[in-house]
Amino acid sequence: MMKWEPTREGYLQFLVDSRHVYTALEEICASRPELEPFRDTGLERVAALNTDIEGMASGAIPAGSDPIPVPDVGEPGSTYAAFLRDMADGEGKLAPEFICHYYNFYFAHSAGGRMIGRKMSEMLLDGHELEFYQWKDDVKEVLLPAVADDIDKYVLENWTREQKDLCLGETAKSFQMGGALLSHIK
C-alpha cells in the first residue's frame, strides 16, 4: 500500500484552483441582481486565498521555507469555473443548478475543507493555519446558518417544484467537480 505524501507544490496548486473557482462564484454573485443576498456573506475566500498563495510562493508560509512558483490554474479549476460562468451567463433567469454548486462548494469547504486544511498544516506548513481556513465570524454557528436561511428564502420565494428538483439533481455533479480540485493534493 502506497503512503500518502502530499507536497507543498500540489497543495499550492489546489489553492490556486480553489481561488479560480471562488473568483467565479464571487463575480457571478456580484453581477446578478437576484444573487444580492449572497454577496458579502463573510464566506468569501478570494482575499484569504490571495494572502495564502502569496505567502507560500514567497516562502513566508511556512516561515523560512523555500519559495515556490505560483502555478497556472489547473484543468479542474479552469473547467469548474468555466462551467459555473456558462451556467450564469445571459440575461435570463439563473439556472437553479447554480445555487446547488454555490451551496455545496462553500459549505463543503467550511466543513470537510477545514479538516483537510488542518492535515495539510501539520504535514506541510509546520502547523501554520492558512487564512483560507479562517473567518471573521464563527463559520459554523453564524455564517453558514445565515447563508442557509438566505438560500431557503430565495428558493421559497422564487422556485417551482421543478426548479427545486433541478437544483437537487445537480448535487452529485457539484461534489464531483469540487472534489476534482483535491486531485492536486497527492
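User: What makes E97, in this predicted model, a residue without a salt bridge, and how far away is the nearest side chain of opposite charge?

Analyst: The nearest side chain of opposite charge is that of K173, which lies 9.2 Å away. A salt bridge requires a side-chain nitrogen of Lys or Arg within 4 Å of a carboxyl oxygen of Asp or Glu, and E97, although buried, therefore has no such partner. E97 is placed in helix 4, and apart from its neighbours within four places in sequence, the residues in contact with E97 are M87, L166, C167 and E170.

User: How many salt bridges does a search of the whole structure find, and how do you know that E27 and R85 form one?

Analyst: The search of the whole structure finds three salt bridges. For E27 and R85, the closest N and O atoms are 2.8 Å apart, and the cut-off is 4 Å, so the pair qualifies as a salt bridge. E27 belongs to helix 1 and R85 to helix 3, so this pair ties together parts that are 58 residues apart in sequence.

User: Why are E27 and R85 placed in the class they are, buried, partly exposed or exposed?

Analyst: The relative accessibility of E27 is 41%, and the relative accessible area of R85 is 32%. Buried means under 20% and exposed means over 50%, with partly exposed in between, so E27 counts as partly exposed, and R85 is likewise partly exposed.

User: Why is R32 buried or exposed, and what makes its pairing with E34 a salt bridge?

Analyst: R32 has a relative accessible area of 7%, and as this is under 20%, R32 is called buried. Its partner E34, with a relative accessible area of 26%, falls in between the two limits and is therefore partly exposed. The closest N and O atoms of R32 and E34 are 2.7 Å apart, which is within 4 Å, so the pair counts as a salt bridge.

User: What makes D165 and R161 a salt bridge, and where do the two residues lie?

Analyst: Their side chains meet at 2.9 Å, N to O, which is within the 4 Å that the term demands. Both residues lie in helix 7 (residues 161–169), where they are four residues apart, about one turn of the helix. An α-helix has 3.6 residues a turn, so residues three or four places apart point the same way. D165 itself has a relative accessible area of 42%, so it is called partly exposed.

User: How do you know whether the span of helix 5 agrees with its number of residues?

Analyst: Helix 5 has 13 residues, which at 1.5 Å a residue should span 18 Å, and its end C-alpha atoms are 18 Å apart, so the two values agree.

User: Which residues of helix 5 are buried, and why are they said to line one face?

Analyst: The buried residues of helix 5 are G113, G117, M120, S121 and L124. Viewed down the helix axis, they fall within an arc of 105°, so they line one face of the helix. What covers them includes helix 1 and helix 4, while the face turned away from the buried side carries the exposed residues M115 and E122. Just after helix 5, D126 takes a positive phi of about 50°.

User: Why is N104 called buried or exposed, and which residues is N104 in contact with beyond its neighbours within four places in sequence?

Analyst: N104, which lies in helix 4, has a relative accessibility of 12%, and since this is under 20%, N104 counts as buried. Beyond those neighbours, N104 is in contact with T171, S174 and F175.

User: Why is A111 placed in its accessibility class, and how far apart in space are A111 and V139?

Analyst: A111, in the loop between helix 4 and helix 5, has a relative accessible area of 44%, which is in between 20% and 50%, so A111 is partly exposed. A111 and V139 are 28 residues apart in sequence, and their C-alpha atoms are 9.2 Å apart in space.

User: Which members of the largest nonpolar core touch the most other members?

Analyst: Of its 51 residues, those are Y11, L15, L25, L35, F98 and Y102. At least two residues of this core come from each of helices 1, 2, 3, 4, 5 and 6, and helix 1 gives the most, with 10 residues. Not counting residues up to four places away in sequence, F98 touches L25, I28, L35, L84 and M87.

Conventions. Residues are numbered from 1 along each chain as its sequence is written. This is a predicted model: local features need pLDDT of at least 70, side-chain atom pairs count only at pLDDT 80 or more; totals for chains, interfaces and linings use all residues. Side-chain values use heavy atoms; hydrogens and water are left out. A nonpolar core is a set of buried Ala, Val, Leu, Ile, Met, Phe, Trp, Tyr and Cys residues joined through side-chain atoms within 4.5 Å. Buried means under 20% relative accessible area, exposed over 50%, partly exposed in between (1.4 Å probe, protein chains only). Contact means heavy atoms within 4.5 Å. Lys and Arg count as positive and Asp and Glu as negative; His and the chain ends are not counted. The expected span of a helix is 1.5 Å times one less than its number of residues. The arc is that of the directions from the helix axis to the C-beta atoms.
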